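I opened the model to follow its strand pairing and then to look up one residue. My entries are below, in the order I made them.

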Amino acid sequence: MTALVFATFMSLPLYPLNPTAQDTIAYMNLHLTAGINGPSPILSAGPDLSVKYELMVYHPFIVRAAFDYRYGSINSPVYAGGSLHRGLFSIEAIYYRGTKKITGYVGAGPVYSMNNFNVSAETSDSLFNYEHITSVGMSDVLGYRITGGLRWHKSFSLEISLTDTRPDYTFTSRIDENQYSVAKREVRFNDFRVSIGYLFTLKM
């Protein structure tokens, strides 16, 4: 049974008999994608734009550096509500297999999320009136990403990814006229993204 499963896998178009000759990955690529994130119990669905630089270091491995912009709003009654703008830097190691028509790949790597949180006016008034909280922010944080995707004819891509980050809310409270205190509360974001993209081959 194991031999049959292995033989079937080897016959799939994503596992060519001569992958070095048949794959279509360029040495360097600029990969632009647009997609949507979410929704999750904490964060609403929102747009995602990404610019990625890809370098094939050794067949069939790619190193990819990327910058993403994401937008969403906090919609959970457990956390302070408001809009969230995020910029994410990531580095991924990618393994690919393919033919001239289609290529599949998987990858993973670290992510650094820079968070710009704007608390809503209603939430801000409530926090100040009941808990004397004067401001709310969200910390920048490290996380990780897992990615899988397909490419057609070297240029078009469909990609899914899961990004896990755990920033802290920072609450600044006024104790008296000259004294403040800062408290933190961790929030976990599990972002599921679906995106489409186009690749530009770069030449040295």
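**The hairpin.** I started at the turn between β7 and β8. These two strands form a hairpin with three residues between them. His153 sits in the turn and has a positive phi of about 50°. I note that this is a predicted model.

**Pairing of β7 and β8.** Next I checked the two arms. Strand β7 covers residues 141–152, and strand β8 covers residues 156–165. They pair in the antiparallel sense over 10 bridges. For a register mark I took Thr147, which stands opposite Ser161 in β8.

**The other side of β7.** I then moved to β5, residues 102–119. Strand β5 runs antiparallel to β7, and 12 bridges join them. Here my register mark is Ala108, whose bridge partner in β7 is Ile146.

**The other side of β8.** Strand β8 also pairs with β11, residues 189–201. That pairing is antiparallel over 10 bridges. Ser157 stands opposite Gly197 in β11.

**The whole sheet.** Which strands make up the closed barrel? I traced eight, in the order β1-β2-β3-β4-β5-β7-β8-β11, with antiparallel pairing. Neighbouring strands of this sheet are turned by 25° against each other on average, direction ignored.

**One residue, Ile160.** I picked Ile160, which has its place in strand β8. Is Ile160 buried or exposed? I found neither: its relative accessible area is 40%. Buried needs under 20% and exposed needs over 50%, so Ile160 counts as partly exposed.

I listed its contacts next, leaving aside neighbours within four places in sequence. Ile160 touches Ile146, Thr147 and Gly148, and also Phe192, Arg193 and Val194. I matched these numbers to the strands. Residues 141–152 belong to β7, and residues 189–201 belong to β11. I also looked up one C-alpha separation. Ile160 and Gly148 are 12 residues apart along the chain, and their C-alpha atoms are separated by 5.5 Å.

**The chain as a whole.** I closed with the totals. The secondary structure comes to three helices and 11 strands. Along the sequence I read α-α-β-β-β-β-β-α-β-β-β-β-β-β. The protein chain has 204 residues, and buried residues make up 42% of them.

For contacts I took residues at least 6 apart in sequence; 65% of these contacts join residues at least 24 apart. The accessible surface comes to about 11400 Å². Carbon and sulfur atoms account for 65% of that surface.

How values were computed:
Residues numbered from 1 in each chain as written. Predicted model: local features only at pLDDT ≥ 70, side-chain atom pairs only at ≥ 80, totals over all residues. Heavy atoms only, no water. Pairing = 2+ DSSP bridges. Helix = DSSP H or I, 4+ residues; strand = E, 2+ residues; numbered from the N terminus. Axes fitted to C-alpha atoms, helices over the stretch in contact; angles between N-to-C directions. Buried < 20%, exposed > 50% of the residue type's maximum accessible area, 1.4 Å probe, protein only. Contact = heavy atoms within 4.5 Å. Areas by Shrake-Rupley, 256 points an atom, 1.4 Å probe, with all protein chains shown as cover.
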